[in-house]
Amino acid sequence: MKTALILGLLPVLVQSSQVLDWTHTGGRLMKRQNTGDGAQGDADSSQSELTERPAPRFPFPVTKFPVAKETVVLENTFYVPAGATFDGGMKRYERPEGSCNEQAEGTDADAVFNLLPGATIRNVIIGKHQSEGIHALGDAWVENVWWEDVCEDALTAKGLNTQLKVIGGGARNATDKIFQDNSLGGKYNITGFYADTFGSFYQSCGNCLNQAKRNATIQNVVAVDGIRMGIINPNYGDEFRLKNAQIDNVGIIVTKEIGNNVQTVPYHIGEGPDEKYALYNTTTDNIVEGFNGTVTNVYEPEDPYEWLEEFWPDGFWE
Ligand SMILES: *[C@@H]1O[C@H](CO)[C@@H](O)[C@H](O)[C@H]1NC(C)=O
Ligand SMILES: *[C@@H]1O[C@H](CO)[C@@H](O)[C@H](O)[C@H]1NC(C)=O
Ligand SMILES: *[C@@H]1O[C@H](CO)[C@@H](O)[C@H](O)[C@H]1NC(C)=O
Ligand SMILES: *[C@@H]1O[C@H](CO)[C@@H](O)[C@H](O)[C@H]1NC(C)=O
Ligand SMILES: *[C@@H]1O[C@H](CO)[C@@H](O)[C@H](O)[C@H]1NC(C)=O
């Protein structure tokens, strides 16, 4: 408990001005100095507040997947150090072929990336060979990350009071779920994401050994062909908010369950909005059913990465 608490506080203490990136040479990932090519740099140095960040340099929500030019196969999970930024330059990262096992809840060692507290992962494509996509072991930013074929989960929050901020990016073919919160008392803030074919967009763990209230805020997303946008545990006080969403062929917005901490199957209690847990109103929160390819609320950066368009040869939208 004590160690976890210290880890949880780290992002506040780290005043990192480090912006790292890595280059792939001869099968090994080498850390190299930031060369100031404009893709990363000084403006990103403050990570002490989850909300204090420069304006994103990529558009969202984008409804076309990027096309990778290069694939990096990671023999082992790649750890992004505490407070560091990993910029993947829109390369595809994955584990060796045959890594996906949908039957098993993966461990940290099954993930493509593990994020240590205060880490940022940005401009990354995660390929189909993986069991788990990203595990966040503490507060983290996940920006413009694309999952081409989700196996077990795309992004899992772990740790104590973990706050995750997801901006842009997308995920495809998540048979089970995209965003999983296994942390104790975590918060997810998801903005501008595109989800195509999924079981659950967000899930608050229904039977983790340590359970507490979790909070999810989801806005400005496009979600097509899914079972539900969220699963929450009202008995632990979970809060789920959804607004400015375009959804198409998604059966349920929220499923409510009585969760437990003894690893048994949670008990289903119902669906739909209420005044305490499932906090949305399809009318006033602008949750629109039906998507014809036109995104109604697009963020277009004033200063986009110069190289970004190369990875979307047919454009960002239909
Ligand atoms: C989607 O996932 C299923 C199950 O893992 C797999 O069999 C199928 O090939 C995937 N489809 C696409 C379009 O990626
Ligand atoms: C969630 O993130 C968005 C985008 O960065 C931000 O505008 C919003 O204020 C955040 N919401 C909360 C509750 O932190
Ligand atoms: C959950 O997040 C919302 C913002 O989206 C915030 O207004 C609310 O206070 C949060 N609840 C808790 C318990 O932190
Ligand atoms: C949603 O808001 C509208 C407009 O304020 C209201 O008429 C409606 O009853 C609300 N729906 C629910 C389920 O609360
Ligand atoms: C698609 O939907 C948007 C709003 O959701 C609307 O403005 C637009 O006219 C529609 N386009 C077509 C081709 O139906």
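About 40 Å³ of space lies in the largest cavity of this predicted model, a cavity being a set of points, on a 1 Å grid over the protein atoms alone, where a 1.4 Å probe fits but cannot get out. The volume is the space filled by probe spheres set on the points, which are joined across faces, edges and corners. A search of the whole structure finds one cavity of 30 Å³ or more. The lining of the largest cavity consists of Pro61, Asn220, Val221, Val222, Asn244, Gln246, Asn286, Val295, Thr296 and Asn297, where a lining residue has an atom within 4 Å of a point. By character, this lining divides into four nonpolar residues, six polar and no charged; Ala, Val, Leu, Ile, Met, Phe, Trp, Tyr, Cys and Pro count as nonpolar, Asp, Glu, Lys and Arg as charged, and the others, Gly among them, as polar.

Some conventions apply throughout. The model is predicted, with local features requiring pLDDT of at least 70 and side-chain atom pairs counted only at pLDDT 80 or more, whereas totals for chains, interfaces and linings use all residues. Residues are numbered from 1 along each chain as its sequence is written, chains are lettered from A and ligands numbered from 1 in the order in which they are written, and side-chain values use heavy atoms, with hydrogens and water left out.

The chain as a whole contains one helix and 21 strands; helices (H or I, at least four residues) and strands (E, at least two) are DSSP runs numbered from the N terminus. Of its 318 residues, 54% are buried, that is, under 20% relative accessible area, with exposed meaning over 50% and partly exposed in between (1.4 Å probe, protein chains only). Among contacts (heavy atoms within 4.5 Å) with a separation of 6 or more, 65% are between residues 24 or more positions apart.

Pro61, one of the cavity-lining residues, lies in the loop between E2 and E3. A cis peptide bond joins Phe60 to Pro61, with omega about -15 degrees. Most residues other than glycine have a negative phi, and most peptide bonds are trans. Both Phe60 and Pro61 are touched by Val298, which also touches Trp317, not counting residues up to four places away in sequence. Val298 belongs to the segment after strand E21 (287-289) and is partly exposed, at a relative accessible area of 31%. The C-alpha atoms of Val298 and Gly192 are separated by 8.1 Å, although these residues are 106 residues apart along the chain.

The loop between strand E2 (28-32) and strand E3 (71-73) also holds Lys69. This lysine counts as exposed because its relative accessibility is 55%. Not counting residues up to four places away in sequence, Lys69 touches Glu310 and Phe311. The side chains of Lys69 and Glu310 make a polar contact of 2.6 Å; such a contact is a pair of N or O atoms within 3.5 Å, where within protein one must be able to donate a hydrogen and the other to accept it, and residues adjacent in sequence count only if both atoms are side-chain atoms.

Two ligands can be described by their surroundings, a residue being near a molecule if one of its heavy atoms lies within 4 Å of it. Lys165, Ile167, Asn189, Thr191 and Gln219 surround ligand 2. Oxygen atoms of ligand 2 are involved in two pairs: one at 3.2 Å from an N or O atom in the side chain of Lys165, and one at 2.4 Å from a polar side-chain atom of Asn189. Around ligand 3 are Lys187, Lys213, Asn215, Thr217, Glu239 and Arg241. Here a polar side-chain atom of Asn215 lies 2.6 Å from a ligand 3 oxygen, and an N or O atom in the Lys187 side chain is 3.1 Å from an oxygen atom of ligand 3. Glu239 is instead paired with a nitrogen atom of ligand 3, at 3.2 Å from an N or O atom of its side chain.

Backbone geometry draws attention to two further residues. Asp225, in strand E16 (residues 222-232), has a positive phi near 55 degrees and counts as partly exposed because its relative accessibility is 35%. Gln263, in the loop between strand E18 (245-258) and E19, has a positive phi near 60 degrees and is exposed at 55% relative accessibility.

Gly272 follows in the loop between strand E19 (267-271) and strand E20 (278-279). Its relative accessible area is 13%, so Gly272 is buried. Beyond its neighbours within four places in sequence, Gly272 is in contact with Val254, Lys256, Ala278 and Tyr280.

Conventions. On a 1 Å grid over the protein atoms alone, a cavity is a set of points where a 1.4 Å probe fits but cannot get out, and a pocket is an open set with protein on both sides within 12 Å along at least five of seven lines; lining residues have an atom within 4 Å of a point.
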